[in-house]
Amino acid sequence: MPPITCVRCQTNKAVVKRPKNHHKLCRECFITVFEDEVHHTIVSSKLFYPGEKVAIGASGGKDSTVLASVLKTLNERHKYELDLVLLSIDEGIKGYRDDSLETVKRNAVQYDMPLKIVGYDELYGWTMDQVVETIGKKGNCTYCGVFRRQALDRGAKMLGIKHVVTGHNADDVAETVLMNLLRGDLPRLSRSTSIVTGGSLNDVKRSKPLKYAYEKEIVLYAHHKKLDYFSTECIYSPEAFRGTARSLIKNLEKVRPSAILDIVRSGEDMARLTPDKGQGACACDESEGMGGCGSANARTSGNELAQMESDIKKQHTHDDLETEITSDGTPKASGDDVVKLPVRQRRSKDSGPIQLQTLGKCVKCGYMSSQSMCQACTLLESLNKNRPEISIEG
Amino acid sequence: MAGPALAGRPCLRCKNPDAPYELRNVAACQDCFIDYVDSKAVKRLTVLQRETRTSSRPEPRRYVAGLSFGPSSTVLTQILDKQARYHASRKGSSPFEPLVVHIDTDLSNSNSSSSSADAPAQRLLAKYRERFPNVSFECVHLSKVLALKTIDWTTLPVAAATAAGEDDTERLRHFFDSLPSVTSRADCLRLFVRHLLLGVAMERSYSALLLGHSTTALASLTLSEVANGRGFAVPWQINDGLFTVCTYGGRSADGDGAGAGAGAGAGAQDQDDDDDDDRKVQFPVYYPLREILKAEVVTYLGTTPSVRDLVPADDASSSSSVVSHKDQSIEEVMARYFEGVEGPYSGIVTNVVRTAGKLDRLVSSRYCRLCGITLDEEGDSTWAGELGDDPAEGAGGSDVSKLCYGCKRSLGG
């Protein structure tokens, strides 16, 4: 059998079967197509302006390494005129983060970008190793995730940067869409697919230029560009996740590769159907944020369904179903051409307003929060009970 | 069945010590269990009656219900049968006339044999007819979908009626063969069945269409639609209520009106959409079993062995391990997923349905010519997920914009 030629250039031997659409491409064409698609995302979403200072949330893992590499390439090729900086978070996990930070340090040299590392210890007075020592191995991912969200913002502020890009890929976004549907979280559903989050209400905005890039293609890109990245899982994150949204997505991808992109599309469309219409996007749902658990499947803890179920049980009883479902039966009035049958309206008892979240600021540290005290401060308070008083700096 | 924790407990409702069933985490006896499921369904039927009533006078309730011969639609049939008997026995009750329709999706034989009485579907339906005397039954072959005008057949790759003397079944078979994946086939089949059931109900002036989806099936449908790229359609698919049905006159796949359609189309191309506006009808679609979990449906079925034995043994959905992903559809992956989730986490299943129900149903002037859901007028312009470098993409031309993202995906791969 003769070697298959690349469908794009028709000359070179195809070495890559694109996970996204099964097109067979040569190495050069694959790299070009991947970069063109990220460029398309950046341009069509108007992510950057010339001269903008942008921090890349870098963990040393494949996503952020590819992001840094692609952004550097595109910045030079298409003259974005961006001032790119690597920003890393040191959670303080020996045997994991210290090694991955070495990778980031090498990346900084390879890409000729300045690097800033902020540690949990300086921000919160706790390293993750110390947190785990105190609360045990179970549930510590919650602390790590909550702390990391703020850490990136604080790190950016220290650098005087108002825009952080993270390596979230299409698989991550699709996972978030499904998780929020399973969890029944409409506010998060409405903002989780936005390419830019934070922004107006917060000093630092976040964006995900790799939002439409498949995880598998990111791995292939890293491989074919021979990028230097770190691929060990966090030593504290559990490994097997049967029945989770992540494994569901992987199964769907096997059945129909476009499914990941289709879920992202559905998520974007559904965001406009939620009560707050996809407005007020904020970054607080990105617990799987960059610079964290280096492996893809370690981004959600293993017992997510059990956790969700117990949350739901607290909120509702099964009997709620009947009233809620019928509450929204009437179409919106925007279509005047709809012929309306005379329909008797249900009695008013079932039209309870759907609660919208309001964004405020944490009374202790000033970080955005829908509660009076932000999650990080709440967690810190419980940690600090047995310690002399410490408050967040910065 | 009652879990170990509940074993030996008396029924929480009537204190009957013989309570072998588990009902939403409490023990229940058989009577209370049946009563619970019945009342959940009847409650939805009452809502349907209230929401579609057009005058204060009692009116006949004529409903079409879909029957796939699966557990859920069989239970729906059983409940409708009970209801019809109950209403017939009461003098003051308005007539309750359910018509249960099975769509025969067997395309392996040509038309003539499938409509005859010895087709497998017909034989099975005869057993149902015998068991449920208070309900009328009917079998409609899938090929009849080609005569429907609620689908714009010009947007689909179906051969014209006259070509090579093919009969409808063959034409449909060729259409399904031309689809790119198992998922696409499953998706189109589901849409066709829905259109056919709606067609029967509307053609004969029935007042509503009932579908037997359980909570679990609705949750699974929700996520399947999301994975098919039809997130926009979810609130229309999942909620009870009025559903807009468009007809595309002169364009049925039979080609009978093809000449007239072409003539009229040439003169009034620009007013195409306005033409369609005239042919929009609102029709109620309800899911009476929406508050009953799949496991409860199966348990309910088990309480009446004579009914349970009607349901053909299911060889596919048993929780055996997956052999090949290639032969699976997204629908099946989702069904399997929720099968696993429902047992320990039933709250999540109901939560998905509840969440989907809270989403707005946006109305626009244009509708997808295949799935019939309102077209998302903003979605394509904000979508940046594809470069559009796929050469096959541009070929469809303007016809493609008449379909929603998910239907385009199903037809194009």
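**Exercise 1. Decide whether A:Gly167 is buried or exposed, and place this residue in chain A.**

Solution. In this predicted model, A:Gly167 has 26 other C-beta atoms within 10 Å. The threshold for a buried residue is 20 or more such atoms, so A:Gly167 is buried. As for its place in the chain, A:Gly167 sits in the loop that runs between β6 (163-165) and α7 (170-183) of chain A.

**Exercise 2. Apply the reasoning to A:Ser59, and find which UniProt annotation covers A:Ser59 and A:Gly167.**

Solution. Begin with the position: A:Ser59 belongs to the loop between β3 (53-57) and α2 (62-77) of chain A. Next comes the neighbour count, which is 27 C-beta neighbours inside 10 Å, and therefore A:Ser59 counts as buried. Finally, turn to the record: the unreviewed UniProt entry carries a "binding site" annotation that includes A:Ser59 and A:Gly167, along with A:Gly57, A:Ala58, A:Asp63, A:Ile89 and A:Asp172. Such annotations may be inferred rather than shown by experiment.

**Exercise 3. Describe the open sheet of 6 strands in chain A, and name the strands at its edges.**

Solution. Step one is the order of the strands, which reads β5-β4-β3-β6-β8-β7 in chain A, with mixed pairing. Step two concerns the edges, where β5 (115-119) and β7 (196-198) of chain A each have a single partner strand, so that one side of each is left without a neighbour in the sheet. Step three is the turn between neighbouring strands, which averages 30° when direction is ignored.

A closer look at one pair adds detail. Strand β4 (residues 83-90) of chain A runs parallel to β5(A), and 5 bridges join these two strands. Within β5(A), A:Gly119 is the residue that stands opposite A:Asp90.

The last step is to add the helices. Helix α3 (residues 97-110) of chain A lies across β4 and β5 of chain A and runs at about 170° to β4(A). Helix α6 (residues 140-159) of chain A also packs on the sheet, where it touches β3, β4, β5 and β6 of chain A, and its direction makes about 135° with that of β4(A).

**Exercise 4. Work out the strand order of the open sheet of 6 strands in chain B, and say which helices pack on the sheet.**

Solution. Reading across the sheet of chain B gives β5-β4-β3-β6-β8-β7, and the pairing is mixed. The edges are held by β5 (136-141) and β7 (241-246) of chain B, each of which pairs on one side only. From one strand to the next, the twist averages 35°.

For one pair in detail, strand β3 (residues 61-67) and strand β4 (residues 96-104) of chain B run parallel and are joined by 7 bridges. In this pair, B:Tyr63 has B:Pro98 of β4(B) as its bridge partner.

Two helices can then be placed on the sheet. Helix α1 (residues 30-52) of chain B touches β3, β6 (208-210) and β8 (280-286) of chain B, with a direction at about 155° to that of β8(B). Helix α6 (residues 182-203) of chain B touches β3, β4, β5, β6, β7 and β8 of chain B, and its direction makes about 145° with that of β4(B).

**Exercise 5. Check the span of helix α13 (residues 330-342) of chain B, and find how many of its residues are buried.**

Solution. At 1.5 Å a residue, the 13 residues of this helix should span 18 Å, and the end C-alpha atoms are 18 Å apart, which agrees. Turning to burial, α13(B) is mostly covered, since 10 of its 13 residues are buried. Among them are B:Ile330, B:Val333, B:Met334, B:Tyr337, B:Phe338 and B:Val341, but also the glutamates B:Glu331, B:Glu332 and B:Glu342.

**Exercise 6. Characterise the side of chain A that touches chain B.**

Solution. First, the extent of the contact: 60 residues of chain A are in contact with 66 residues of chain B. Second, the elements that give two or more residues to this side of chain A are α1 (27-44), α7, α10 (245-255), α11 (259-271), α12 (304-315) and α13 (320-326) of chain A. Of these, α11(A) gives the most, with 11 residues. Third, the composition of this side of chain A is 27 nonpolar, 16 polar and 17 charged residues.

Technical notes: Residues numbered from 1 in each chain as written. Chains lettered and ligands numbered in written order. Predicted model: local features only at pLDDT ≥ 70, side-chain atom pairs only at ≥ 80, totals over all residues. Helix = DSSP H or I, 4+ residues; strand = E, 2+ residues; numbered from the N terminus. Expected span 1.5 Å × (residues − 1). Buried ≥ 20, exposed ≤ 12 C-beta atoms within 10 Å, placed from the backbone. Pairing = 2+ DSSP bridges. Axes fitted to C-alpha atoms, helices over the stretch in contact; angles between N-to-C directions. Contact = placed C-beta atoms within 7 Å. Nonpolar A, V, L, I, M, F, W, Y, C, P; charged D, E, K, R; others polar.
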